[in-house]
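Subject: Structure handover

Hello,

Here is the structure we spoke about, with its sequence. My notes on what turned up follow below.

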Amino acid sequence: MFDWSMTLSLVTAAAAILALFMTNRQIRQSNKQALFDKRLALWTTAQGLMELFGRNRNQFDTKKDEVFFSNNLLFAWLTNNAFLSDISPTLDHALDSAFQFDFLRKLEEIQKLAVEASLIFRGNDYCGPIATAFHA
């Protein structure tokens, strides 16, 4: 005699195992997408900072023993980026604690992004340029 309860139990168990494998696959796909989104956001920020540094590299290449009269202009050039735009007025208001706080917060954010870059690009060839952009 054929045992229908045993057959239905096996079919139910097989369907549950199949559902577990499908869920695991979907979770891995979702994690890959989230990691890609984080990498893309970090990459675009780092690329913008590297381009900004590249445009103003000549300000750092030479040692100058003269007085800088254009600090405000140099600082404006070095912060001429969407990521750094909120600290641009810092030099004009050097003694104002609110601007100092914004500047320190942005420095901490850059350090946090450097750590994040070393974690999410671990083992990739891209980590070197990105970590360099944030540590430079």
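Start with Phe 75. Leaving aside residues up to four places away in sequence, Phe 75 touches Ile 87, Ser 88, Thr 90, Leu 91 and Phe 103. Phe 75 itself sits in helix α3. Please keep in mind that this is a predicted model.

Asp 92 is worth a look alongside Phe 75. The two are 17 residues apart along the chain, and their C-alpha atoms are separated by 9.9 Å. Asp 92 lies in the loop between α3 and α4. Its relative accessibility is 53%, so Asp 92 counts as exposed, the cut-off being over 50%.

Thr 79 is found in that loop too, between α3 (71–78) and α4. Is Thr 79 buried or exposed? Its relative accessibility is 4%, so Thr 79 counts as buried; the cut-off is under 20%. Its contacts, again without residues up to four places away in sequence, are Leu 52, Leu 84, Ser 85, Ile 87 and Ser 88.

Now the chain as a whole. There are five helices and zero strands. From the N terminus on, the order reads α-α-α-α-α. The chain has 136 residues, and 18% of them count as buried. Take the contacts with a separation of 6 or more: residues 24 or more positions apart account for 52% of these.

Next, the packing of α1 against α4. Two packed helices are described by the angle between their axes and the distance between the axes. Helix α1 covers residues 4–55, and helix α4 covers residues 97–120. They pack at an angle of about 135°, with their axes 11 Å apart. An angle over 145 degrees would count as roughly antiparallel, and 65 to 115 as roughly perpendicular. The angle here falls in neither range, so α1 and α4 are oblique to each other. Their crossing is left-handed.

Which residues meet there? From α1 come Leu 35, Lys 38, Arg 39, Leu 42 and Thr 45. From α4 come Leu 113, Glu 116, Ala 117 and Ile 120. By class, this contact has five nonpolar, one polar and three charged residues.

Last, the core. In soluble globular proteins, nonpolar side chains tend to be buried together. Here the largest nonpolar core has eleven residues in all. They are Leu 42, Leu 49, Leu 52, Phe 83, Leu 84, Ile 87, Ile 110, Leu 113, Ala 117, Ile 120 and Phe 121. The elements that give two or more residues to this core are α1 and α4. The largest share, four residues, comes from α4.

Some names come up twice. Leu 52, Leu 84 and Ile 87 belong to this core, and Thr 79 touches these residues. Leu 42, Leu 113, Ala 117 and Ile 120 are in the core and also take part in the contact of α1 with α4.

Best wishes

How values were computed: Residues are numbered from 1 along each chain as its sequence is written. This is a predicted model: local features need pLDDT of at least 70, side-chain atom pairs count only at pLDDT 80 or more; totals for chains, interfaces and linings use all residues. Side-chain values use heavy atoms; hydrogens and water are left out. Axes are lines fitted to C-alpha atoms, for helices over the stretch in contact, and angles run from 0 to 180 degrees between N-to-C directions. Angles under 35 degrees count as roughly parallel, over 145 as roughly antiparallel, 65 to 115 as roughly perpendicular and the rest as oblique. A crossing is left-handed if the near helix is turned anticlockwise from the far one by less than a right angle, and right-handed if clockwise. Contact means heavy atoms within 4.5 Å. Ala, Val, Leu, Ile, Met, Phe, Trp, Tyr, Cys and Pro count as nonpolar, Asp, Glu, Lys and Arg as charged, and the others, Gly among them, as polar. A nonpolar core is a set of buried Ala, Val, Leu, Ile, Met, Phe, Trp, Tyr and Cys residues joined through side-chain atoms within 4.5 Å. Buried means under 20% relative accessible area, exposed over 50%, partly exposed in between (1.4 Å probe, protein chains only).
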